[in-house]
Structure formats: C-alpha cells, structure tokens
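Please work through the exercises below with the sequence and the structure open beside you. Each exercise sets a task, and a worked solution follows it step by step.

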Amino acid sequence: MFKKVANPKSARFYVRFKPDEKTLLSEQAKKAGLTMSEFVRKRALGMPVRGRDMEKAINELRRLGGLQKLLALQSPTDGKLYQGLLKDIVAAIGKLEKEGA
C-alpha cells in the first residue's frame, strides 16, 4: 500500500476577482498548460511562468545538448561541427527561458 503524504501546500489565500479578470487568468493558465492555482501562485511569487510544453521542450533541448557534447568528445575530427550545434542548442534554450521569464 502507498503511504499517504501530506500536501506541503496547505496554507490558503483567498483573492476576489472580477468575472472578466478570472476569465483572463483562466485563459492564460490554460494557454500555459497550468492549473489556475499553479499559474496564479507563480505569477504572485514572481516565478517564471513556463507551461508544461515549454518545460518539455527545454528538457528535450538539454538532452540533445548532452548528446551533442558526447558526440563532440567521441569524434575529434567533427568536434567543431558538434560544438556549433551545441551553441545553437544553448541559444535556443536561452531564448525559451527568456520567453518564459
């Protein structure tokens, strides 16, 4: 059997919104692929709002960057090619992170 773990997010904070404000927040949260609570929490705490899709894309780029690094180390003759690709991957990650900030 699984042991029940207490939710670390137990404090509540109630906020009132106008209906149109709530609709706007709901649309933004849905667009980011987050729940309304996750979206509002991140915005209120000044954290970057990155949707699940963006996080997946960044993680995939990091994985590909690791593979490029491995290839560059294993193939010194093609190292410059792989290093160029790695720079492009790092730049793409930076751009995505900047967009989500």
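The exercises that follow concern a predicted model, and they go from confidence to cores, a pocket and single residues.

**Exercise 1. Confidence**

Task: State the mean pLDDT of the protein chain, and find which helix has the lowest confidence and which the highest.

Solution: Begin with the whole protein chain, where the mean pLDDT is 85 and 97% of the residues reach 70 or more. Then go to the helices: confidence is lowest in helix α4, residues 79–100, with a mean of 82, and it is highest in α1, with a mean of 92.

**Exercise 2. The nonpolar cores**

Task: Identify the residues that make up the largest nonpolar core, and say which helix gives the most to it.

Solution: As background, nonpolar side chains in soluble globular proteins tend to be buried together. In this model the largest nonpolar core has six residues in all, namely L25, A29, A32, L34, F39 and V49. Helix α1, which spans residues 19–32, gives the most to this core, with three residues. A second core, separate from the largest one, has five residues, among them I58, L61, I89 and I93.

To see one core member in its surroundings, take L34, and set aside the residues up to four places away in sequence: L34 then touches A29, F39, K42, V49, R50 and R52. Of these contacts, A29, F39 and V49 are also listed in the largest core.

**Exercise 3. The largest pocket**

Task: Give the volume of the largest pocket, and describe which residues line it.

Solution: The volume of the largest pocket is about 530 Å³. Its lining consists of 14 residues, of which R12, F13, S37, V40 and R41 are the closest to the centre. When the lining is sorted by class, it has eight nonpolar, two polar and four charged residues. When it is sorted by element instead, the largest share, five residues, comes from helix α2, residues 36–44.

One of the residues closest to the pocket centre, S37, has its place in helix α2. S37 has a relative accessible area of 48%, and therefore it is partly exposed, since the class of exposed residues begins over 50%. The C-alpha atoms of S37 and S10 are separated by 13 Å, although the two residues are 27 apart along the chain.

**Exercise 4. Buried or exposed?**

Task: Decide for Q68, S26, G46 and K31 whether each one is buried, partly exposed or exposed.

Solution: The cut-offs needed are under 20% relative accessible area for buried and over 50% for exposed, with partly exposed in between.

- Q68, found in helix α3, residues 52–74, has a relative accessibility of 15% and so counts as buried. Leaving aside neighbours within four places in sequence, Q68 is in contact with Y82, L85, L86 and I89.
- S26 lies in helix α1, and because its relative accessibility is 36%, S26 counts as partly exposed. From C-alpha to C-alpha, S26 and F39 are 8.7 Å apart in space, while they are 13 residues apart in sequence.
- G46 lies in the loop between α2 and α3, and at 65% relative accessibility it counts as exposed. G46 and T23 are 23 residues apart along the chain, and their C-alpha atoms are separated by 21 Å.
- K31 lies in helix α1, and with a relative accessibility of 78% it counts as exposed. The C-alpha atoms of K31 and V5, which are 26 residues apart along the chain, are separated by 30 Å.

Definitions and conventions
Residues are numbered from 1 along each chain as its sequence is written. This is a predicted model: local features need pLDDT of at least 70, side-chain atom pairs count only at pLDDT 80 or more; totals for chains, interfaces and linings use all residues. Side-chain values use heavy atoms; hydrogens and water are left out. Helices (H or I, at least four residues) and strands (E, at least two) are DSSP runs, numbered from the N terminus. Buried means under 20% relative accessible area, exposed over 50%, partly exposed in between (1.4 Å probe, protein chains only). Contact means heavy atoms within 4.5 Å. On a 1 Å grid over the protein atoms alone, a cavity is a set of points where a 1.4 Å probe fits but cannot get out, and a pocket is an open set with protein on both sides within 12 Å along at least five of seven lines; lining residues have an atom within 4 Å of a point. Grid points are joined across faces, edges and corners, and a volume is the space filled by probe spheres set on the points. Ala, Val, Leu, Ile, Met, Phe, Trp, Tyr, Cys and Pro count as nonpolar, Asp, Glu, Lys and Arg as charged, and the others, Gly among them, as polar. A nonpolar core is a set of buried Ala, Val, Leu, Ile, Met, Phe, Trp, Tyr and Cys residues joined through side-chain atoms within 4.5 Å. pLDDT is the predictor's confidence in each residue, from 0 to 100.
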